[in-house]
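Work through the exercises below with the sequence and the model open. Each task is followed by a solution in steps.

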Amino acid sequence: MRPVARYWGRKPIEAVRRFIQDTDSVIVDPFGGSGAIISEALGMGKRGIYVDLNPYAWLIAHVQIAGAPTKEFAKASGEVIERAMRLESDVKGMDLPGDWLFYGDGKPFLKRRNFDRVSQFFPRENLRRLRALLMAIDYTNTSSNTKLALYLSFANALYPSSFMNRRGAGSWGVPSYWVPQVSSPMDAYEAFRRATRRMLVFLRRIRTYSVCYSLDCDAEARLILGDANGINYDPEWTLITDPPFTDEVQYMELSFFYWVWLRISELPNIMRELLGRDVEYSFERELVINPRRGVQTVQYLDRLGEFLSRTANLRRRILIFHEESEKRLNRVRELVRRFWGSYREYVILIDTQRNIGPRGGIKYFVFEALS
Ligand SMILES: C[S@@+](CC[C@H](N)C(=O)[O-])C[C@H]1O[C@@H](n2cnc3c(N)ncnc32)[C@H](O)[C@@H]1O
């Protein structure tokens, strides 16, 4: 099925299905991304725990898993556009606060190409309209699931209404802040209208599940916003996860394009109410290789090792990895052996994956702990 939103993570579902089927316990995916593994587990009648530290990923996973009432969503999305059109002339000060593509120490994002700020990626007219749309969603009085689906539709309208949009290129851009020579941003209202139409089709098609937001609550899915290295893992859970690989996809940097918008809306307040704590956007705790931030392969492997050691007490452990360099793969193998003990390794070819970067191979390595 077409995903509910654009997210860069690979979805190696074919590699995990058998392991999901085989288990009777709760499945935990602490690098959950857009929620593909947990959705699959729920679809197969299991219970799941989703964790990711990226609030944009959490939003996608929430809509994907909990859905929203379709009639309510259809009504609310129509109202949002009408209200935004009325609000548009009131929008003042269109700059997005803190939207610089730089870290605190002045170093530019690894994936910054053409512009310095997120707002520069939008025509002025669209900046105003997008601000109006966001305000209109804030004012909409509806259930929290519908609100989340509206905010995600808004996020889905951002790329098409920016200079990154290329005619005929679909809504899936390159994984960097890059503007093509010939770009054709769509009108923001039109982009939002299309995004809500696609969302409605999606919502009508999916099965939805009950969700809650902490490790000790009770629902089909627990959706946690947090650090995989900050979770107390229960030995009874089954771990199935695909952590960020060494291919340098910058999840937090790329999601920032969406988050600088979403964070000026009511969304962080809604999330705070659901989660019971403030929503952070933490580059520091991300498991990734980013030389700009001084995080090289060595530090990446240290953190991966910490994760493997934290999860070593789980009854079943499955780690999916994608790596083209045999040398780096061997270092991952060493870590798995050191922290998890003996394991079985499978190689799985998945050719339904989109090519998401320079190292977009189809070969996946699955490590299954044996002890
Ligand atoms: C390879 S992607 C997972 C893709 C996923 N299978 C999907 O359905 O989209 C890895 C994810 O790990 C998340 N991540 C990175 N560091 C993390 C950390 N310390 N704790 C939790 N999640 C983290 C990233 O935000 C990203 O979403």
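**Exercise 1. Find the bridge partner of I27 in β5, then place β5 among its neighbours.**

Solution. Step 1: the bridge partner of I27 in β5 is T238. This is a predicted model, in which local features need pLDDT of at least 70, side-chain atom pairs count only at pLDDT 80 or more, and totals for chains, interfaces and linings use all residues. Residues are numbered from 1 along each chain as its sequence is written, and side-chain values use heavy atoms, with hydrogens and water left out.

Step 2: strand β1 (residues 27-29) pairs with β5 in the parallel sense over two bridges. Strands (E, at least two residues) and helices (H or I, at least four) are DSSP runs, numbered from the N terminus; two strands pair if DSSP finds at least two bridges between them.

Step 3: β5 also runs parallel to strand β6 (residues 316-321), joined to it by four bridges. There, L239 has R317 as its bridge partner in β6.

Step 4: strand β5 (residues 238-241) is covered on both faces, with T238 and I240 buried on one side and L239 and T241 buried on the other. Buried means under 20% relative accessible area, exposed over 50%, and partly exposed in between (1.4 Å probe, protein chains only).

**Exercise 2. State the strand order of the open sheet, and explain why β3 and β7 each have one side without a neighbour in the sheet.**

Solution. Step 1: the sheet has eight strands with mixed pairing, in the order β3-β4-β2-β1-β5-β6-β8-β7. Step 2: β3 (211-212) and β7 (343-349) stand at the edges and have a single partner strand each, so one side of each lacks a neighbour in the sheet.

Step 3: for β7, seven bridges connect it to strand β8 (residues 363-369) in the antiparallel sense. Y346 has V366 as its bridge partner in β8.

**Exercise 3. Which cysteines form the disulfide, and what is its handedness?**

Solution. Step 1: the structure holds one disulfide, a term for a pair of cysteine sulfur atoms within 2.5 Å. Step 2: C212 and C217 form it, with their sulfur atoms 1.9 Å apart. Step 3: the torsion about their S-S bond is about 80 degrees, so the disulfide is right-handed. Step 4: C212 has 10% relative accessibility and therefore counts as buried.

**Exercise 4. Is S255 buried or exposed, and which residue does its side chain meet in a polar contact?**

Solution. Step 1: S255 is in helix α8 (residues 251-262). Step 2: S255 has a relative accessible area of 0%, so this residue is buried. Step 3: its side chain makes a polar contact of 2.9 Å with that of N54. A polar contact is a pair of N or O atoms within 3.5 Å; within protein, one must be able to donate a hydrogen and the other to accept it, and residues adjacent in sequence count only if both atoms are side-chain atoms.

Step 4: leaving aside neighbours within four places in sequence, S255 is in contact (heavy atoms within 4.5 Å) with Y7, W8, N54, Y56 and Y281.

**Exercise 5. How far from the ligand are the listed atoms of A36, D227 and D242?**

Solution. Step 1: a backbone N or O atom of A36 lies 3.2 Å from an oxygen atom of the ligand. Step 2: an N or O atom in the side chain of D227 is 2.9 Å from a ligand nitrogen atom. Step 3: for the side chain of D242, the distance from an N or O atom to a nitrogen atom of the ligand is 2.8 Å.
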